[in-house]
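I am keeping these entries as a record of what I looked up, in the order in which I looked. The structure itself comes just below, so that each entry can be followed by eye.

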Amino acid sequence: MHLMVINASPRVKKYSNTDKILTKFLEGYSVSGNTYEQYEISARSSWDKIRAAYDTNDNILIAIPLYVECIPGLLMEFLETLSPKTGGKMSFILQSGFAEGVQLRCGEEYLKKLPSMLGMEYGGTLVKGNNFSIRLTEGKEQDSQTQPYRTMGEVFGRDGSFFSEECSKFTGPEAFPLPVRLLVGLMFRTGAKKAFTEAAASWGGTRPLDFRPYQ
């Protein structure tokens, strides 16, 4: 089975959590002899190539980072340049930093409708959160976060879709119980805030995290 893969992250490949997820996923997908070709939406100069590949491939996977329940604007802009097909299947990986599955369901509902708008069949969406820190880690620590996607790649290579019970369970908790939500809120106000401040400073940030320039 051959697969056309689109990394829909607006970040360049080096800084893309989605790219690191795809690396592991495609390792698993390739185990049984499946093949793929991968493209990056962030490289506007390659959009003509991506459109040409879209026109000639009938099995397409789009991997998408979700930004506060919204599909990236860069992906939406690209999708508006596509012409409807007459068949084929489109599937999705939908990932975000928020850990609860419920945070991604709005985006998932849109993706259920998208393939039919392009004349294609829906192949399901692999939904998973808690991926914010992937690109901030390296080596074994990063592998431990992305390794589960390798297993999902094997499942997709076997089934050609994300409709199995294995894929449904992969999402993890749909919503945290109240005590956990309270604890997470406390962590974000203390230790996590300090960690984010230090990370911003290491990237050259000079303003407070809550700085509001347009207020």
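**Entry 1: salt bridges around E166 and R158**

I began with E166, which is partly exposed, because its relative accessible area is 37%. I was working on a predicted model, and I kept that in mind for every value noted here. When I looked for a charged partner of E166, I found a salt bridge with R158, in which the closest N and O atoms are 2.7 Å apart. I then turned to R158 and asked whether it is buried or exposed. R158 has a relative accessible area of 52%, and because exposed means over 50%, R158 counts as exposed. R158 also forms a salt bridge with D159, and there the closest N and O atoms are again 2.7 Å apart. For D159 I noted a relative accessible area of 35%, so this residue is partly exposed.

**Entry 2: a network and one pair inside it**

Next I followed salt bridges that share partners, and these join K24, E27, R150 and E154 into one network. Within this network I looked up E154 and R150, whose side chains meet in a salt bridge with an N to O distance of 3.1 Å. Where do E154 and R150 lie relative to each other in helix α5? They are four residues apart in this helix, which covers residues 139-159, and so they are separated by about one helical turn. I reminded myself of the general point that side chains of opposite charge can pair when their charged atoms come close. E154 counts as partly exposed at 35% relative accessibility, and R150 counts as partly exposed at 24%. For the whole model, I wrote down that the count comes to twelve salt bridges.

**Entry 3: N34 in its loop**

My last entry concerns N34, which I located in the loop between α1 (17-30) and β2 (35-40). Is N34 buried or exposed? Its relative accessible area is 9%, and because buried means under 20%, N34 is buried. I then checked what the side chain of N34 reaches, and found the backbone oxygen of Y29 at 3.0 Å. The side chain of N34 is also joined to the side chain of S32 by a polar contact of 2.9 Å. Which residues does N34 touch, when those up to four places away in sequence are not counted? I listed M1, Y29 and G157, and I noted that Y29 appears both in this list and as the residue whose backbone oxygen the side chain of N34 reaches.

Technical notes. Residues are numbered from 1 along each chain as its sequence is written. This is a predicted model: local features need pLDDT of at least 70, side-chain atom pairs count only at pLDDT 80 or more; totals for chains, interfaces and linings use all residues. Side-chain values use heavy atoms; hydrogens and water are left out. Helices (H or I, at least four residues) and strands (E, at least two) are DSSP runs, numbered from the N terminus. Buried means under 20% relative accessible area, exposed over 50%, partly exposed in between (1.4 Å probe, protein chains only). A polar contact is a pair of N or O atoms within 3.5 Å; within protein, one must be able to donate a hydrogen and the other to accept it, and residues adjacent in sequence count only if both atoms are side-chain atoms. Contact means heavy atoms within 4.5 Å. A salt bridge is a side-chain nitrogen of Lys or Arg within 4 Å of a carboxyl oxygen of Asp or Glu.
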